[in-house]
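Reader: I am new to this structure and would like to be guided through it. Could we take the overall picture before the individual residues?
Author: Certainly; please have the sequence and the model in view.

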Amino acid sequence: MGKYHMELEKQLRKYLDVPEISLMVNGHMSLELAIQMMEFQKEGGEVITTPYSFISTSHAIVRNGLKPVFCDIKSSDATIDEDKIEELITDKTVAILPVHVYGNICNVERIQEIADEYNLKVIYDAAHAFGIQYKNRGIGNWGDASVFSFHATKVFNTIEGGAVTFKEQKYYEKLYNLKNFGIQDEEMVADIGANAKMNEFCAIMGLCNLRHIDAAIQKRKQYYDLYVQGLCEVKGIRLLDRNKDADNNYSYFPILLETDYIDSRDQLYERLKENNICCRKYFYPLISEQKCYRDMYGNSRLDHAKRISDHVLILPLYEDMGTQLVEQIIEIISK
């Protein structure tokens, strides 16, 4: 937690438009410690979350001694279906952990209403939502905490890193202790913490990249718009909806192959790979279908999540990819 670490916290607090922020070694530990700092007391406590996310989301819940309860997503934008949350709440529910998927923003107002009614905490996995503003406020202002990832694959990276944003000052001190073994001073260890501090080299990398982030997002937008223009009329391809009140960080470009083309997702994946174009089936399979979770956590109907997982393909999108590559990908998909 040296001078570059503190400087990056200061600059990110301003850039993300959030009251408080604590830097971490990576996004997963950010989420794990954000859950730990809430100090949930219910034995066997349950956290309502989405199966349509990176495996880290549920791992962080389980590693805190809690149980993930999977809620289906909306077919329109792949975020958690807020209308299906209440039916999953029990006397063991302690929190809701939604995910802003591909930068698509959850229905934060409705989720907060539900949380207030049932006295639940809300922790957002905002790993995909760096820099996004919703109704002219940084997305990290919603819920009790939001977690960001600064992994090398993200639109903003510190090589490896992450952060927790929050409103209450007491959480800063709590996270400061938890990411430093729970050490309060030279002689006192007050919490059972981890070694989750961001190192100075990663903080320096973050300070460098933050200078260029707006230009990088604008370059990504050019290629994103080319994709939309080239694929919006292609038969069998559907694009996810976006919230008009939220901006876009252009971090991902997902496409969905419609039902009549169900066999084409894997074929298209292989065809692109033959042309040295690497895509991702992201997220596939669902967390609830992974070996470590299968038949263990919840029996909710996950029809929309299953359908999108089976049909989704994430196309390459990065600031230096070039127009020619975008056009080549569009041509292959169109054929």
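Author: What follows is a conversation about the whole chain and then about selected residues.

Reader: What kind of model is this?
Author: It is a predicted model.

Reader: How many helices and strands does the protein have?
Author: The secondary structure consists of nine helices and twelve strands.

Reader: And how compact is the protein?
Author: The protein is as compact as a globular protein of its length, because its radius of gyration is 20 Å and the globule rule gives a close value, 20 Å, for 335 residues. The C-alpha trace spans about 65 × 45 × 35 Å along the principal axes.

Reader: What share of the residues is buried?
Author: Of the 335 residues, 53% count as buried. The accessible surface of the protein is about 15,700 Å², and carbon and sulfur atoms hold 46% of that surface.

Reader: What share of the contacts links residues 24 or more positions apart?
Author: Among contacts with a separation of 6 or more, 70% are between residues 24 or more positions apart.

Reader: How many positive and negative charges are there?
Author: There are 39 positive and 50 negative charges, and their mean positions lie 3 Å apart.

Reader: Let us turn to single residues. Where is Asn 107?
Author: Asn 107 is in the loop that runs between strand E4 (93–97) and helix H4 (108–118).

Reader: Is Asn 107 buried or partly exposed?
Author: Asn 107 has a relative accessible area of 25%, so it is partly exposed; the cut-off for buried is under 20%.

Reader: Which residues does Asn 107 contact beyond its sequence neighbours?
Author: With neighbours within four places in sequence left aside, Asn 107 is in contact with Lys 74 and Glu 82. The side chains of Asn 107 and Glu 82 are joined by a polar contact of 3.2 Å.

Reader: How far apart in space are Asn 107 and Leu 23?
Author: Their C-alpha atoms are 26 Å apart, and 84 residues separate Asn 107 from Leu 23 in sequence.

Reader: Now Ser 149, please. In which strand does Ser 149 lie?
Author: Ser 149 belongs to strand E8, which covers residues 145–149. Ser 149 has a relative accessible area of 9%, so it counts as buried.

Reader: What does the side chain of Ser 149 reach?
Author: The side chain of Ser 149 reaches the backbone nitrogen of His 151 at 3.3 Å. Outside the four nearest places in sequence, the contacts of Ser 149 include Gly 27, Ala 127, Lys 154 and Phe 156. Gly 161 and Gly 162 are also in contact with Ser 149.

Reader: And Glu 46, buried or exposed?
Author: Glu 46 is at 10% relative accessibility, so it counts as buried. Glu 46 lies in strand E2. Residues up to four places away in sequence are not counted here, but Glu 46 touches several others, among them Lys 67, Val 69, Thr 90 and Lys 92. Between the C-alpha atoms of Glu 46 and Val 62 there are 9.6 Å in space, with the two residues 16 apart in sequence.

Reader: Changing topic: which residues of helix H8 are buried?
Author: In H8, residues 303–311, the buried residues are Ala 305, Ile 308, Ser 309 and His 311. The buried residues of H8 pack against strand E11 (253–257), helix H7 (264–274) and strand E12 (312–315).

Reader: What about the backbone: which peptide bonds are cis?
Author: One cis peptide bond joins Tyr 282 and Phe 283, with omega about 25 degrees. Another runs from Tyr 284 to Pro 285, with omega near -10 degrees. Phe 283 is in the loop between H7 and H8, and Pro 285 is found in the loop between H7 and H8 as well.

Reader: Why point these out?
Author: Because most peptide bonds are trans, and most residues other than glycine have a negative phi.

Reader: Which residues other than glycine have a positive phi, then?
Author: Among them are Glu 39, with phi near 55 degrees, and Phe 181, with phi near 65 degrees. Glu 39 is in the loop between helix H2 (27–37) and strand E2 (46–49), whereas Phe 181 is in the loop between helix H5 (169–178) and helix H6 (200–231).

Reader: How exposed are Glu 39 and Phe 181?
Author: Glu 39 is partly exposed, at a relative accessible area of 44%. Phe 181 is also partly exposed, at 40%.

Definitions and conventions: Residues are numbered from 1 along each chain as its sequence is written. This is a predicted model: local features need pLDDT of at least 70, side-chain atom pairs count only at pLDDT 80 or more; totals for chains, interfaces and linings use all residues. Side-chain values use heavy atoms; hydrogens and water are left out. Helices (H or I, at least four residues) and strands (E, at least two) are DSSP runs, numbered from the N terminus. The radius of gyration is taken over C-alpha atoms; the globule rule is 2.2 Å times the number of residues to the power 0.38. Buried means under 20% relative accessible area, exposed over 50%, partly exposed in between (1.4 Å probe, protein chains only). Contact means heavy atoms within 4.5 Å. Accessible areas come from the Shrake-Rupley method with a 1.4 Å probe; for residues, only the protein chains shown count as cover. Lys and Arg count as positive and Asp and Glu as negative; His and the chain ends are not counted. The place of a charge is taken as NZ of Lys, CZ of Arg, CG of Asp or CD of Glu. A polar contact is a pair of N or O atoms within 3.5 Å; within protein, one must be able to donate a hydrogen and the other to accept it, and residues adjacent in sequence count only if both atoms are side-chain atoms.
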